[in-house]
Amino acid sequence: MQSRERVLDIQPIGRTDLTLQVDGQTVRAAEGETVLSVLNAIGLRKVAVNDHGQRTGAFCGMGVCHCCLVAIDGRPKRRACQTVVREGMRVETAVNAVVGEVRP
Ligand code: FES
């Protein structure tokens, strides 16, 4: 009988000591994580500000809805769910290039 053993269908975990800045706060992350997973892990659910100035949360988690737009390294409207973390990355959750910076 042929073996049906699973062969690495998910990414192995790499470094777990990456650090990034989220709204000025230092946060640890693991290699291969998305920005959205890090934001959720630190308790942020409403991660973005839409073009109407309202705080929104991620909806699809797969790059389609654009409900997770954040500023990354000074560039606004980056999809948190589609961006893999890098060492030293700077994430700002209350920034939208259309409505400007919004304070909660
Ligand atoms: S959650 Fe839908 S694009 Fe990121």
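The following is a conversation about a predicted model, on why its parts are labelled as they are.

Visitor: What makes up the protein, in helices and strands?
Guide: The protein has one helix and nine strands. From the N terminus on, the elements run β-β-α-β-β-β-β-β-β-β.

Visitor: Why is Leu69 called buried?
Guide: A residue is buried if 20 or more other C-beta atoms lie within 10 Å of its own. Leu69 has 24 such neighbours, so Leu69 counts as buried. This residue lies in strand S5.

Visitor: How many of the residues of the protein count as buried, as a percentage?
Guide: Of the 104 residues, 25% count as buried.

Visitor: Why is Asp73 called partly exposed?
Guide: The label covers counts in between 12 or fewer, which is exposed, and 20 or more, which is buried. Asp73 has 13 C-beta neighbours inside 10 Å, and therefore counts as partly exposed. Asp73 is found in the loop between strand S5 (69–72) and strand S6 (75–79).

Visitor: And why does Lys77 count as partly exposed?
Guide: Lys77 has 15 C-beta neighbours inside 10 Å, so the label is partly exposed here too. Lys77 is found in strand S6.

Visitor: What is there to note about the phi of Asp73 and of Lys77?
Guide: Most residues other than glycine have a negative phi. The phi of Asp73 is near 50°, a positive value in a residue other than glycine. For Lys77, phi is near 60°, again positive in a residue other than glycine.

Visitor: Where in the hairpin of S5 and S6 does Asp73 belong?
Guide: The hairpin has two residues between its strands, and Asp73 takes its positive phi in this hairpin. As said, Asp73 is in the loop between S5 and S6.

Visitor: How do you know that S5 and S6 pair?
Guide: Two strands pair if at least two bridges are found between them. Three bridges join S5 to S6, so the condition is met. These two strands run antiparallel. As for partners in S6, Leu69 is bridged to Arg79, and Val70 to Arg78.

Visitor: Which strands form the open sheet, and in what order?
Guide: Five strands form the sheet, in the order S2-S1-S7-S5-S6, with mixed pairing.

Visitor: Why do S2 and S6 stand at the edges?
Guide: Strand S2 (25–29) and S6 each have a single partner strand, so one side of each is left without a neighbour in the sheet. Neighbouring strands of this sheet are turned by 40° against each other on average, direction ignored.

Visitor: What makes up the largest nonpolar core?
Guide: The core has 22 residues. Those with the most contacts inside it include Val35, Leu39, Cys68 and Val70. Strand S1 (18–22), helix H1 (35–41), strand S3 (48–49) and S5 each supply at least two residues of this core.

Visitor: Which residues is Val70 in contact with, leaving aside its neighbours within four places in sequence?
Guide: The list for Val70 includes Val35, Val47, Ala80 and Val91. Arg78, the bridge partner of Val70 in S6, is also in contact with Val70.

Visitor: And which residues is Leu69 in contact with, on those terms?
Guide: Leaving aside neighbours within four places in sequence, Leu69 is in contact with Ala48, Lys77, Arg78, Arg79 and Asn96. Leu69 and Val47 are 22 residues apart in sequence and 7.7 Å apart in space, C-alpha to C-alpha.

Note on methods
Residues numbered from 1 in each chain as written. Predicted model: local features only at pLDDT ≥ 70, side-chain atom pairs only at ≥ 80, totals over all residues. Helix = DSSP H or I, 4+ residues; strand = E, 2+ residues; numbered from the N terminus. Axes fitted to C-alpha atoms, helices over the stretch in contact; angles between N-to-C directions. Core = buried A, V, L, I, M, F, W, Y, C linked by C-beta atoms within 7 Å. Contact = placed C-beta atoms within 7 Å.
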